[in-house]
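Work through the exercises below with the sequence and the model side by side, and try each task before you read its solution.

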Amino acid sequence: MSRVLDFFLEYSLPRISDFHNGCTRFQDLQQISSRSSYGKPSAVQSCKRVQFSLEALNLEVADHADLHSLPDEAEACDGRDSDILPHVQTLRNFPEEELMGKVVMVRLDLTILLREQKKKHSSAARVISTIKYLHNAGAKLVLISSWSPKADSQLLKLERVAEFLSSELELKVIPVELGSGLEQSLMEDGHNSDILLLENLSQFKQEQANCSEFARRLSSGVDIFVNDAFFQSHKILASNVGITSFCYSSIAGFHFDEGMSQLKKIIKMNKWPYYAIIGGANLAGKAAALQFLASRCDGFIFVGDAAFQIMHAFGLPVPMELVEQESLEAADMLLEAAKARGVKIVLPKDFWCVNDHYPLQMKTFPANHIMDGKSWKPVDVGPNTLEEMISVLSRCKACETFVGKSSYVMADLIENASIVWEFLKGRKLHGLLALDRAYPFELNWDAIYANTTLPLVVDVGSGNGLFLFRMAKMRKDWNFLGMENNEKLVSRCLDHVSQSGMTNGYFIATNATSTFQSIVSSYPGDLVLVSIQCPNPDFNKTEYRWRMVRRSLVEAIADLLASDGKVFLQSDVKEVAVRMKEEFMKYGKGKLTVVHDLEDSTSHQDRWLKENPFGIRSDWEQHVIDRGAPMYRLLLLKSSPSG
């Protein structure tokens, strides 16, 4: 409703004729389809610094950072984001060479491209930058999104959207249907340089239900998933949560990365005074978030429907049809909290109102006399309100360095209200949590091991660590590293390391499939052995089967393993052992060969080792042997360059 909020979304002041049509970016799409029916975007709900032109009053989002030079780490917060915003793998720190030839699926928010101009540091520019970066890196791209055709089903047909994206990206975008159409397109060599666009996800009920089977179909043939739809992170969808179970690496795109950085800045709040702009309906539903803001902010600026609830709580005259009965208590509690801390509250001084009988007629009314206009309905804040709000915000300390030196005052913005409210209420952002965690790693190897020049042994899926502990006790001339997803098991192993005084053993809670390269590549010594033993084949959950051994892990091991280094694979499930072997032979880049047990003819015939070559068994291996069941073992050797 409020123009000041539209400003913060990179829109100019709307003309009177724009109030009912909305200020949109569908002019480009109109050239394709000639008709448009798109409403105004959701309003911004919180900002720290505001950018506006003192002359033209044309607000724009500030330059946060260069798209490819975002800060590696956001500044330390107060701990509130520790669960909601974990470290995730991002496109800017993912090895670019790993993208060549891979099928990469990008989840984007199409409405960002439809509503915005391609300004250098806009959200649209970041989304486009993600796609072009991947394309230039040699990845085969598949784009997925959802969009609403609203009244005109012809307007946003798949073919029309593909044409629009082709124009925006300056690259050929081919529309394809989910299923056989996608699989066939991925197999066709003639389209290597083209980008595929899947059909509208909003038409599939399985998308909203986060259906596992639908997510599997969606990711068929996909190697890497890139999530660049940050403003969908509070939703649990097959395209942002379920799909991560089927891709060997799930990472954040440039736009997603910037969204995380913005959220972290909200709770940091290290520049004062700090004002929050609050708008929208359902004040009761935002009570928890507003109480949090009341404990941090220096002032509230209320606009939109929220302003009427606070005005009513102050005892000001407000038409009862504008008062939310369910929000009365929330408004009173917020005023009490604000009064206790001396938080300044800025309310509208006047409103633009539209005539019920003549919709094109508009008139301004003072805030305390809007009830006098019997046939007039408030639709936006008036000019006096806008002037006061700009005056208040321009006095923020964060703006002082720009006032008087430039015609702009800079601003940091959060562009989507839903994400902000979910974040401030302490709720989980599932689309974010679904991405790989604990990345990147910056390990102080000298603090972990007594001697970092020793050869390194890595046990992937180390479990309770018994194999590694026994090996470390026997081989003091090697360092041992366990990688395990289960954080509780890792915590117990680290306690044992500390209590025993071990100096050549350590454990990390991580998904080695996506972080092996990042972790091991920084180790000063040589990687001489990697073991993967008895990965759990959960046959009841297809998405988990074989997940431990994927292409990224195999390639990382093949690259980092020293000459004559070894890979030890074993499982009590033959299908798992066969699958691991196939993955290493397929993605080992021709660097790995099978080592046969020359003393056992049967092992040579079946290519399985009869005995464990290290003489030390894991607990599960011992359990299998005790019950008389077979183990399927394989030893691979990395040939020296001369070999």
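A salt bridge is counted where a side-chain nitrogen of Lys or Arg lies within 4 Å of a carboxyl oxygen of Asp or Glu. Keep in mind throughout that this is a predicted model.

**Exercise 1. Salt bridges**

Task: Decide whether the residues of the salt bridge between E98 and K102 are buried or exposed, and find the network that they belong to.

Solution. Side chains of opposite charge can pair when their charged atoms come close. For E98 and K102 the distance from N to O is 3.8 Å, which can be set against the cut-off of within 4 Å. The next step is to look at the surroundings of the pair, where both E98 and K102 turn out to be buried.

Task: Determine where the partners of the salt bridges K132–E170 and D559–K589 lie along the chain.

Solution. Begin with K132 and E170, whose side chains meet in a salt bridge at 3.8 Å, N to O. Because K132 lies in helix α5 and E170 in the loop between α6 (158–169) and β4 (173–176), the pair ties together parts that are 38 residues apart in sequence. K132 is partly exposed, with a relative accessible area of 27%, while E170, at 62% relative accessibility, counts as exposed.

Now take D559 and K589, where the closest N and O atoms of the salt bridge are 2.7 Å apart. This pair links distant parts of the chain, since D559 sits in helix α21 and K589 in the loop between α22 (574–587) and β20 (592–595), 30 residues apart. Both count as partly exposed, D559 at 28% relative accessibility and K589 at 44%. To complete the first task, salt bridges that share partners join E98, K102 and E555 into one network. The structure holds 13 salt bridges in total.

**Exercise 2. A helix and its surroundings**

Task: Compare the span of helix α5 with the expected value, and explain why this helix is described as largely enclosed.

Solution. Helix α5 covers residues 123–136, which makes 14 residues, and from its first C-alpha to its last it reaches 20 Å, close to the 20 Å expected at 1.5 Å a residue. The second step uses the cut-off for a buried residue, which is under 20% relative accessible area. Because 12 of the 14 residues of α5 are buried, the helix is largely enclosed by the rest of the structure; among these buried residues are R126, I128, Y133 and H135. Just after α5, G138 takes a positive phi of about 95 degrees.

**Exercise 3. An inner space**

Task: Describe the second largest cavity by its volume, its lining and the helix that gives the most to that lining.

Solution. Rolling a probe the size of a water molecule over the atoms shows where empty space is left. A search of the whole structure finds five cavities of 30 Å³ or more, and the second largest holds about 130 Å³ of space. Its lining consists of 17 residues, of which F94, T513, S514, Q517 and S552 lie nearest the centre. Sorted by class, the lining has seven nonpolar, eight polar and two charged residues. Helices α20 (512–520) and α21 (551–560) each supply at least two of the lining residues, and α20 gives the most, with seven.

**Exercise 4. The whole chain**

Task: State how many helices and strands the protein chain has, and what share of its residues counts as buried.

Solution. The protein chain has 24 helices and 21 strands, and of its 643 residues 54% count as buried.

Key
Residues are numbered from 1 along each chain as its sequence is written. This is a predicted model: local features need pLDDT of at least 70, side-chain atom pairs count only at pLDDT 80 or more; totals for chains, interfaces and linings use all residues. Side-chain values use heavy atoms; hydrogens and water are left out. On a 1 Å grid over the protein atoms alone, a cavity is a set of points where a 1.4 Å probe fits but cannot get out, and a pocket is an open set with protein on both sides within 12 Å along at least five of seven lines; lining residues have an atom within 4 Å of a point. Grid points are joined across faces, edges and corners, and a volume is the space filled by probe spheres set on the points. Helices (H or I, at least four residues) and strands (E, at least two) are DSSP runs, numbered from the N terminus. Ala, Val, Leu, Ile, Met, Phe, Trp, Tyr, Cys and Pro count as nonpolar, Asp, Glu, Lys and Arg as charged, and the others, Gly among them, as polar. The expected span of a helix is 1.5 Å times one less than its number of residues. Buried means under 20% relative accessible area, exposed over 50%, partly exposed in between (1.4 Å probe, protein chains only).
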